[in-house]
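Hello,

Here is the structure I promised to pass on to you. Have a look at it first, and then read on for what turned up.

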Amino acid sequence: MPKIPTFTAKGSITQLQGTTSNIQLGLNNTLASALAPVTQAVVDFKVKENTLQNQAEALRLENDFITDMQDVQKTIKTDSKYALNKDAANAYLKTQSETFIKKYRALATNGNVQDKFSNYALAETQKSIFKTDTLISNNIIADLNNSYKKQKENLMETAFMDGGIDMATLKLDLETLALNTYSSQVSPPELDKLLATIPQEIDLMVGLKAVSQSPSKTFELLKDKNYLPSITYEQRQELEEKAKAILRPQIRTEFKN
């Protein structure tokens with residue numbers, strides 16, 4: 001029967017045990033190390049996704065807020081109690097803005113969206129206030145100019161009534177009207193320029209009235225530069241043409257007769 005070979009281990013049992021104990025690795029540690037980057041990536045993605053979601057919701061609420069505020073602006077433009085009164089318009093605008101901010105904040109799904117929306121809405125409110133102030137300033141100037149023009153026309157029309165009794169004070173009346181209207185609105189040189197045009201306006205008005213009442217006589221008078229001395233050469237030519245236009249049919253009728 002053959003003899004089974006035997007081997008003799010070299011070294012002590014203690015040495016062999018010490019050699020193998022250093023390469024042991026737990027399964028849990030291996031999985032945790034392997035999954036750590038994946039877990040962090042998922043967390044980062046979720047954070048970014050939440051940020052985008054909150055931003056989208058805040059912008060959606062802001063768009064609805066802007067639509068409502070546009071209706072407020074339309075009301076301010078068309079309602080006379082706001083269109084020419086900054087205090088009333090801004091009080092109305094701020095009240096409406098606060099109402100809409102509360103409305104849309106209540107619709108937000110979380111505090112982050114509420115804060116974002118509130119910041120956006122407040123910025124839009126500031127823009128609306130600026131636009132409203134600019135609009136009403138322009139409205140006030142336009143209303144002032146229209147009222148001045150209308151009052152000037154009234155003074156010039158009434159100057160011919162009752163035998164032209166008010167013609168004596170017309171120049172002073174128009175100067176007073178200009179000073180009261182524009183002394184705090186325009187610079188002194190501009191105001192002086194406006195006052196300097198008043199004699200010309202009066203002479204032109206007188207010329208137009210005279211042409212309509214006595215075209216033949218006025219046509220002859222216009223040839224004298226001392227008649228209505230404040231009007232320009234072009235205005236004198238226009239008055240002569242108006243007189244001719246009135247006289248021409250009369251001359252033709254007389255010629256036929």
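Let me start with the contacts of D203: leaving aside residues up to four places away in sequence, D203 touches L228, P229, S230 and I231. In this predicted model, D203 is found in helix α8, which covers residues 198–213. What caught my eye is that D203 is buried and yet has no salt bridge. Which side chain of opposite charge is nearest to D203? That is R236, and R236 is 7.0 Å away. A salt bridge needs a side-chain nitrogen of Lys or Arg within 4 Å of a carboxyl oxygen of Asp or Glu, so a separation of 7.0 Å does not qualify.

Helix α8 also takes part in the largest pocket, where α5 (111–158) and α8 each supply at least two residues of the lining. The largest share, 5 residues, comes from α5. Here is who lines the largest pocket: K149, K152, E153, M156, E157, E201, L204, M205 and L208. By class, that lining has 4 nonpolar and 5 charged residues, with no polar ones. The space in the largest pocket comes to about 180 Å³.

Two of these lining residues, K152 and E201, bring us to the salt bridges. Side chains of opposite charge can pair when their charged atoms come close. The side chains of E201 and K152 do this in a salt bridge, at 2.6 Å from N to O. The pair links distant parts of the chain, since E201 sits in helix α8 and K152 in helix α5, 49 residues apart. Are the two partners buried or exposed? K152 is buried, with a relative accessible area of 14%, whereas E201 is partly exposed at 24%.

How many salt bridges does a search of the whole structure find? The total is 5, and two others are worth showing you.

One of them joins D68 and K103, whose closest N and O atoms are 3.8 Å apart. D68 lies in helix α2 (residues 27–78) and K103 in helix α4 (residues 86–105), so this salt bridge ties together parts that are 35 residues apart in sequence. D68 counts as buried because its relative accessibility is 16%, and the cut-off for buried is under 20%. K103, on the other hand, is partly exposed, with a relative accessible area of 43%.

The other is a local pair: the side chains of K171 and E175 meet in a salt bridge at 2.5 Å, N to O. Both are in helix α6 (residues 167–182), and because they are 4 residues apart there, about one helical turn separates them. K171 is partly exposed, with a relative accessible area of 39%.

Finally, a few words on the protein as a whole. It has 10 helices and 0 strands, so the pattern along the sequence reads α-α-α-α-α-α-α-α-α-α. Of the 257 residues in the protein, 25% are buried. Among contacts between residues at least 6 apart in sequence, 64% join residues at least 24 apart.

If you would like a place to begin in the viewer, try D203 in helix α8, and then go on to the E201 and K152 salt bridge.

Best wishes

Methods
Residues are numbered from 1 along each chain as its sequence is written. This is a predicted model: local features need pLDDT of at least 70, side-chain atom pairs count only at pLDDT 80 or more; totals for chains, interfaces and linings use all residues. Side-chain values use heavy atoms; hydrogens and water are left out. Buried means under 20% relative accessible area, exposed over 50%, partly exposed in between (1.4 Å probe, protein chains only). Lys and Arg count as positive and Asp and Glu as negative; His and the chain ends are not counted. Contact means heavy atoms within 4.5 Å. On a 1 Å grid over the protein atoms alone, a cavity is a set of points where a 1.4 Å probe fits but cannot get out, and a pocket is an open set with protein on both sides within 12 Å along at least five of seven lines; lining residues have an atom within 4 Å of a point. Grid points are joined across faces, edges and corners, and a volume is the space filled by probe spheres set on the points. Ala, Val, Leu, Ile, Met, Phe, Trp, Tyr, Cys and Pro count as nonpolar, Asp, Glu, Lys and Arg as charged, and the others, Gly among them, as polar.
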